[in-house]
Amino acid sequence: MPAAEEAPRAPGRPRSLRVDEAIISATLDLLAEGTSVEVLSIEAIATRAGVGKATIYRRWPGKEALLHDALATLKHPGDEVAGESVRADLITLLSQVGPANHDPRFAKIMPCIVPHLMRSEEHYQAYQDIIEPRRNRVREVLRRGVENGELRADLDIELVLAMLIGPILVQRVLRWHPDLDADKMPEQVIDVLMAGIAPQ
């Protein structure tokens with residue numbers, strides 16, 4: 001593949017975004033192909049990206065920081081909610097959970113990354129930093145529902161958040177149940193839960 005190495009640059013010259021993208025892409029490609037986090041090396045990433053190791057180290061202090069930024073790119077911001085109803089907004093947000101609307105490498109990478117997250121407190125916290133903004137979007141919809149009377153006043157926001165996202169994430173990432181259609185699940189899960197979280 002053509003080298004993505006950048007030419008020497010004068011002080012103050014902006015770094016090449018093309019090189020950044022090549023390094024991130026190389027990291028994700030290696031993970032998607034089955035390279036474990038433990039085996040993944042800056043040398044292998046540099047070779048795949050067509051750059052020198054020094055180019056990577058000018059951008060990231062080490063593999064851990066590069067891995068964090070690479071995984072963060074797998075989570076796009078997602079579509080904006082219309083704000084018309086809690087049900088409609090939750091369906092929009094839950095439809096974006098898991099690999100469905102992400103980089104196609106997501107489905108191959110995440111099952112391999114999860115055990116590592118459980119072993120490394122640093123990477124677990126980094127993962128939390130990545131997904132927290134998306135969780136906040138669901139929290140905001142639930143809180144709005146409580147405030148406008150669409151949802152119960154005594155709603156446990158965090159528990160409902162887990163109940164909404166958990167089943168869809170498990171089905172999309174692990175394909176837990178072969179007879180369930182993950183694309184239909186957001187609406188199905190929300191309709192089941194709405195019976196319990198709507199005002200009586």
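Biologist: Why are H5 and H7 called roughly antiparallel to each other?

Modeller: In this predicted model, the axes of helix H5 (residues 86-94) and H7 come within 10 Å and cross at roughly 170°. Angles over 145 degrees count as roughly antiparallel, and H5 and H7 are therefore described in that way.

Biologist: What makes the contact between H5 and H7, and which kinds of residue take part?

Modeller: On the H5 side the contact is made by Val86, Asp89, Leu90 and Leu93, while H7 brings Arg137, Val138, Val141, Leu142, Arg144 and Gly145. These residues divide into six nonpolar, one polar and three charged, where Gly is counted among the polar ones.

Biologist: How do you know that the buried residues of H2 line one face of the helix?

Modeller: Within helix H2, which spans residues 42-49, Ile42, Ile45, Ala46 and Ala49 are buried. Looking down the axis of H2, one finds these buried residues within an arc of 100°, so they line one face of the helix. The general background is that an α-helix has 3.6 residues a turn, so residues three or four places apart point the same way. Glu43 and Thr47, on the other side of H2, are exposed.

Biologist: What covers the buried residues of H2?

Modeller: The cover includes helix H1 (17-32), helix H3 (53-57) and helix H4 (63-72). Ile56, for its part, touches Ile23, Ile42, Ile45, Ala46, Val51 and Leu66, when residues up to four places away in sequence are not counted.

Biologist: Which residues have the most contacts inside the largest nonpolar core, and which element gives the most to it?

Modeller: That core has 31 residues, and those with the most contacts inside it are Ile23, Leu31, Ile45, Ile56, Leu66, Leu71 and Ile109. Two or more residues come from each of H1, H2, H4, helix H6 (106-119) and helix H7 (121-147), and H1 gives the most, with nine residues. A second, separate core has 23 residues, including Leu93, Val160, Leu164 and Ile165.

Biologist: Why is Asp69 called partly exposed, rather than buried or exposed?

Modeller: Buried means under 20% relative accessible area and exposed means over 50%, so Asp69, at 35%, counts as partly exposed.

Biologist: Where does Asp69 lie, and what is it in contact with?

Modeller: Asp69 has its place in helix H4, and, leaving aside neighbours within four places in sequence, Asp69 is in contact with Ile24 and Trp60. Although Asp69 and Ile24 are 45 residues apart in sequence, their C-alpha atoms are 7.7 Å apart in space.

How values were computed
Residues are numbered from 1 along each chain as its sequence is written. This is a predicted model: local features need pLDDT of at least 70, side-chain atom pairs count only at pLDDT 80 or more; totals for chains, interfaces and linings use all residues. Side-chain values use heavy atoms; hydrogens and water are left out. Buried means under 20% relative accessible area, exposed over 50%, partly exposed in between (1.4 Å probe, protein chains only). Helices (H or I, at least four residues) and strands (E, at least two) are DSSP runs, numbered from the N terminus. The arc is that of the directions from the helix axis to the C-beta atoms. Contact means heavy atoms within 4.5 Å. A nonpolar core is a set of buried Ala, Val, Leu, Ile, Met, Phe, Trp, Tyr and Cys residues joined through side-chain atoms within 4.5 Å. Axes are lines fitted to C-alpha atoms, for helices over the stretch in contact, and angles run from 0 to 180 degrees between N-to-C directions. Angles under 35 degrees count as roughly parallel, over 145 as roughly antiparallel, 65 to 115 as roughly perpendicular and the rest as oblique.
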